[in-house]
Amino acid sequence: MLERELLRHDHLPEEWTEHESYSMQPDLYGDAEVAAALEPYLFHPDFCPLCAEDLSGLPPSLVLTAHYDILRDDGVWYAKRLKEAGVRTEWKHYHTAFHAFLNFHTELDVGSHAIHYIMDFVTSTLEGRPVLPPVPDHH
């Protein structure tokens, strides 16, 4: 079952899972009753593209992840699956960022950097040229 495969923690970088603050849940689904009620929706590819059986044929993709974001792991797995499906994929991880950090692009350097990174990716993709090499993020 694809959902079980996607929820494996060994897809994550070891430096994250070996950190003292990381804990893996013993049951992949948590509350079984809630999981059963939500499963038809949560794992539907229209809601969660990560759960699509086939990702091939998608356009070039940029996946940004923020280290302090509940959706970080999903982004890592999605970027990995896109690459495995042959989709040109750029993955950029921001070690100091949090969920919704792009909303603070006028206040935070990391948000501003990400906005410029997105613009460079879109521009280079539309012009048919390689994406610029990744610029180190702000630690």
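Helices and strands here are DSSP runs, numbered from the N terminus. Keep that in mind as you read the order of elements in this chain: α-α-α-β-α-β-α. The model is predicted.

**Stop 1: the whole chain**

Show the protein chain as a cartoon. Count five helices and two strands. Now switch on the surface. The chain exposes about 9100 Å². Carbon and sulfur atoms supply 58% of that area. Of the 139 residues, 34% are buried. Look at the contacts next. Take those with a separation of 6 or more: residues 24 or more positions apart account for 65% of them.

**Stop 2: the two strands**

Select residues 61–68, which form strand β1. Add residues 89–98, strand β2. How do these two strands run, parallel or antiparallel? They run parallel, and seven bridges join them. Now follow the chain from β1 to β2. The path crosses through helix α4, residues 72–84. This β-α-β crossover is right-handed.

Zoom in on two pairs of residues. S61 stands opposite T89 in β2. A66 stands opposite Y94, also in β2. While the side chains are on display, recall a general pattern: in a regular strand they alternate between the two faces of the sheet.

**Stop 3: helix α4**

Select residues 72–84 again, the helix of the crossover. Try a check on its length. At 1.5 Å a residue, its 13 residues should span 18 Å. The end C-alpha atoms of α4 are 19 Å apart, which agrees.

Which residues of α4 are buried? They are R72, D73, G75, V76, W77, A79, R81 and L82. Color them to make them stand out.

Pick R81 from that helix. Its relative accessibility is 15%. Buried means under 20%, so R81 counts as buried. Now add L55 to the selection. R81 and L55 are 26 residues apart in sequence. In space, their C-alpha atoms are 7.4 Å apart.

Then move past the end of the helix. G86 follows α4, and its phi is positive, near 85°.

**Stop 4: the loop after β2**

Go to A100. A100 sits in the loop between β2 and α5. Its phi is near 70°, a positive value in a residue other than glycine. Is A100 buried, partly exposed or exposed? At 31% relative accessibility, A100 counts as partly exposed.

**Stop 5: helix α5**

Select residues 109–126, helix α5. Repeat the length check. The 18 residues of α5, at 1.5 Å each, should span 26 Å. The end C-alpha atoms are 26 Å apart, which agrees.

Color the buried residues of α5: V110, G111, H113, A114, Y117, F121 and S124. Turn the view to look down the helix axis. The buried residues of α5 fall within an arc of 160°, so they line one face of the helix. What covers them? The cover includes β1 and β2.

**Stop 6: G111 and its neighbors**

Stay in α5 and pick G111. Its relative accessibility is 0%, so G111 counts as buried. Which residues does G111 touch, leaving aside those up to four places away in sequence? They are F101, L102 and H105. Now draw a distance line from G111 back to A100. These two are 11 residues apart along the chain, and their C-alpha atoms are separated by 9.1 Å.

**Last stop: past α5**

Select G128, just after α5. G128 takes a positive phi of about 70°. Set G86, the glycine that follows α4, beside it in your selection.

How values were computed:
Residues numbered from 1 in each chain as written. Predicted model: local features only at pLDDT ≥ 70, side-chain atom pairs only at ≥ 80, totals over all residues. Heavy atoms only, no water. Helix = DSSP H or I, 4+ residues; strand = E, 2+ residues; numbered from the N terminus. Buried < 20%, exposed > 50% of the residue type's maximum accessible area, 1.4 Å probe, protein only. Contact = heavy atoms within 4.5 Å. Areas by Shrake-Rupley, 256 points an atom, 1.4 Å probe, with all protein chains shown as cover. Pairing = 2+ DSSP bridges. Right-handed = clockwise from strand over helix to strand, strands pointing away. Expected span 1.5 Å × (residues − 1). Arc of directions from axis to C-beta.
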